[in-house]
Number of protein chains: 2
Amino acid sequence: MATLFETELREQPAVLARLLREGRSAAEAIAERLRGRKLSFAVLAARGSSDNAARYAQYLLGIQNGLVAALATPSAFTHYGARPSLEGALVLGISQSGQSPDIVEVLREGRRQGAFTLALTNETDSPLASAAEAVFPLLAGQEHAVAATKTYTAQTLAVAMLSAALKGGEQPWSELADVPDLAASAIDRSAAPARTAERLREHSRLVVVGRGYNLSTAFEITLKVKETTGVMADGYSSADFLHGPKAILERNLPVLAVAPGPRVFDDLDSLVRLTREKGAPLVVISDRRELLEQADIAMPLPAMPEWLSPIVAVIPGQLFALGLSLARGMQPDAPPGLSKVTHTR
Amino acid sequence: MATLFETELREQPAVLARLLREGRSAAEAIAERLRGRKLSFAVLAARGSSDNAARYAQYLLGIQNGLVAALATPSAFTHYGARPSLEGALVLGISQSGQSPDIVEVLREGRRQGAFTLALTNETDSPLASAAEAVFPLLAGQEHAVAATKTYTAQTLAVAMLSAALKGGEQPWSELADVPDLAASAIDRSAAPARTAERLREHSRLVVVGRGYNLSTAFEITLKVKETTGVMADGYSSADFLHGPKAILERNLPVLAVAPGPRVFDDLDSLVRLTREKGAPLVVISDRRELLEQADIAMPLPAMPEWLSPIVAVIPGQLFALGLSLARGMQPDAPPGLSKVTHTR
């Protein structure tokens, strides 16, 4: 019988299609209200998987919408009573459950200061939704597995829809329309290679690297692997990796590279080469043949516009985590010590 | 013969004293110019150790100076040509060498847009210094070891001096005056326990946790351990750790907790308890006796104001990295594959 984790993973194309179909008018209404304000910057508050979606939003808002976005430091608000000026800010809270008190507090402070506060959540009657001036619902249906899959891709799609609505025009929407099929294709192509993750069963460590938009993807795959396999995965920008952490590379340390094309990052390619030189196992998620050919486990992606690739490129990573989890005799639905909703202050 | 790494580590009290003595007027002149502008937010551009100093600046500016600070995403500028609006921003570049092209590019863009650009660097004739409107020199003397020690603590002190100058008044300066002695005391107290790091010699993994101001410290210790020992260290906010990564805890995974008092973070304390329950080795850097008593390797800190604790609390972590490096037969001065200056785009 399929695990909840796999069932929800496979629901993703349908969840993404529903959000696209039913969420566009909400995204455009929110964008309309945002255009009425003079935004100076954005503050993004989130934890766990949602924080990885926030990382994607940080790149998207900066590159597509000209807006500097800061990942919030919630403890500065809750533990230190910081009240930084949020004048002219978009304060965006991202949370599947909408429950975490520290994220709610950042939005409350934003609202007190008159900033535009927006909740991106699967639970429209949650404390986060109540705290915000506007809510963008994920419409992902209940998520039962502790490790998020469909709510993560729904969050990243929601962020892309908001960015598209802010930018205006039909072009981004016509690209967005392909996302559900691209997600289905990623599942089809990667399901079989993911089952060969058992080759890495004996390794207790994994380095995951991405770059640019897909730094978010590297971090989210890292988290999925940690949650479901007990392996200590460590995610990096390949640029940061070269500034020090590179020193840990050795034969017994597998590397997973997230490299959707067509953009080539030299530091990521050189890290792939270095992994091969060390003789360490290499996993590649990419649509670039020259990278896939070097991999022990090659997870091919369909070609797609780069700005949307994080929504799709995470899926082979979820499948890889599932394959490795089962190969290591773990229960992917019930990670040791975790529960679905985590309350942090 | 002492390694360069240890020599420079032990220079820190003197380096900090010099920067305090000779840098105050520069910090106050910069603060005066900043007060003349209406700042909306800050953007901090850095990589490697300097990025950990930027993380400290993010908390400090938010809590002490009411300024939201975003850690920049340099690749958005260099690879994607993003030109986000930097109107009203303080754009701060932090780099020991001032060489990394991507960091320089963020400052150039800030200057093009008329933002106030500031370089915090040890090299006043570097490209970063040339790109910035103002320069705050670290005065740390040349650093020879690849893994930064004295330039990291000088960067954190410089950030604290800028925050103090922006805040105004004598109180922060009278607290800052104690930092060099506190650093010397941290070296004295931790040198012996750090030598017992050999107990962890056989472990290839280490989790490092901190919270609030000292998230920066946890990240910097993580980097030091990676650079000098080959151990895969992974740094977290203890709040983020509970949102998923907690699943990897087990008997064979040592945990290092950075917890300068007096503020108590429940999630950090509960993580310490959990480590003990799992029977995993525990290293503690703290001035709280109840935490130190639970540790296998206890590294006691002197008491100090929390806002300054990151400058001092990193030092036992540097000593721990040194002890572990030597115990594992590594060369702390010459990490495999690294060089002192890394050029990333």
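This report describes two parallel sheets, two helix pairs and a few individual residues in a predicted model.

**The first sheet of chain A**

In chain A, five strands form an open sheet with parallel pairing, and their order across the sheet is 2-1-3-4-5. Strand 2 (69-71) and strand 5 (134-137) of chain A are the edge strands, each of them pairing on one side only. On average, and with direction ignored, neighbouring strands of this sheet are turned by 20 degrees against each other. Within the sheet, strand 1 (residues 41-45) of chain A is joined to strand 3 (residues 89-95) of chain A in the parallel sense over 5 bridges, and A:V43 stands opposite A:V91 of strand 3 of chain A. Helix 2 (residues 12-35) of chain A lies across strand 3, strand 4 (116-121) and strand 5 of chain A, and the helix runs at about 160 degrees to strand 5 of chain A.

**The second sheet of chain A**

A further open sheet of chain A is built from 5 strands in the order 7-6-8-9-10, again with parallel pairing. Its edges are strand 7 (232-237) and strand 10 (297-300) of chain A, each of which pairs on one side only. The average turn between neighbouring strands of this sheet, direction ignored, is 15 degrees. Strand 8 (residues 255-259) of chain A pairs with strand 9 (residues 282-286) of chain A in the parallel sense over 5 bridges, and the bridge partner of A:A259 in strand 9 of chain A is A:S286. Helix 10 (residues 215-229) of chain A packs on the sheet, where it touches strand 6 (205-210), strand 7, strand 8 and strand 9 of chain A, and its direction makes about 175 degrees with that of strand 7 of chain A. Helix 12 (residues 266-278) of chain A lies across strand 6, strand 8 and strand 9 of chain A, running at about 155 degrees to strand 8 of chain A.

**Strand 8 of chain B**

In chain B, strand 8 (residues 255-259) has 5 of its 5 residues buried, so this strand is largely enclosed by the rest of the structure. The side on which each residue lies can be given as well: B:V255, B:A257 and B:A259 point one way from strand 8 of chain B, whereas B:L256 and B:V258 point the other way, and all are buried. Strand 8 of chain B runs parallel to strand 6 (residues 205-210) of chain B, to which 3 bridges join it, with B:L256 as the bridge partner of B:V208. Strand 8 of chain B also pairs in the parallel sense with strand 9 (residues 282-286) of chain B, over 5 bridges, and here B:A257 stands opposite B:V284.

**Two helix pairs**

The table sets out the geometry of one helix pair from each chain.

| Helix pair | Angle | Axis distance |
|---|---|---|
| Helix 3 (residues 49-65) and helix 7 (residues 150-167) of chain B | about 20 degrees | 9 Å apart |
| Helix 9 and helix 14 (residues 309-327) of chain A | roughly 30 degrees | within 9 Å |

Angles under 35 degrees count as roughly parallel, and helix 9 of chain A and helix 14 of chain A are therefore roughly parallel to each other. Their crossing is right-handed. The contact involves, among others, A:L182, A:A186, A:I187 and A:S190 of helix 9 of chain A and A:I315, A:P316, A:L319 and A:F320 of helix 14 of chain A. The residues of this contact between helix 9 and helix 14 of chain A divide into 13 nonpolar, 2 polar and no charged.

One of the residues in that contact, A:S190, is placed in helix 9 (residues 179-195) of chain A. A:S190 has a relative accessible area of 0% and is therefore buried. Leaving aside neighbours within four places in sequence, A:S190 is in contact with A:M299, A:P300, A:P316 and A:L319.

In chain B, helix 3 and helix 7 of chain B are likewise roughly parallel to each other, and helix 3 of chain B passes helix 7 of chain B in a right-handed crossing. Among the residues that meet are B:Y56, B:L60 and B:Q64 in helix 3 of chain B and B:Y152, B:V159 and B:L166 in helix 7 of chain B. The residues of this contact between helix 3 and helix 7 of chain B divide into 9 nonpolar, 8 polar and 1 charged.

**A loop residue after helix 7 of chain B**

B:G169 is placed in the loop between helix 7 and helix 8 (171-176) of chain B. With a relative accessibility of 51%, B:G169 counts as exposed. The C-alpha atoms of B:G169 and B:A89, which are 80 residues apart along the chain, are separated by 24 Å.

Definitions and conventions
Residues numbered from 1 in each chain as written. Chains lettered and ligands numbered in written order. Predicted model: local features only at pLDDT ≥ 70, side-chain atom pairs only at ≥ 80, totals over all residues. Heavy atoms only, no water. Pairing = 2+ DSSP bridges. Helix = DSSP H or I, 4+ residues; strand = E, 2+ residues; numbered from the N terminus. Axes fitted to C-alpha atoms, helices over the stretch in contact; angles between N-to-C directions. Contact = heavy atoms within 4.5 Å. Parallel < 35°, antiparallel > 145°, perpendicular 65-115°, else oblique. Left-handed = near helix turned anticlockwise from the far one by under 90°. Nonpolar A, V, L, I, M, F, W, Y, C, P; charged D, E, K, R; others polar. Buried < 20%, exposed > 50% of the residue type's maximum accessible area, 1.4 Å probe, protein only.
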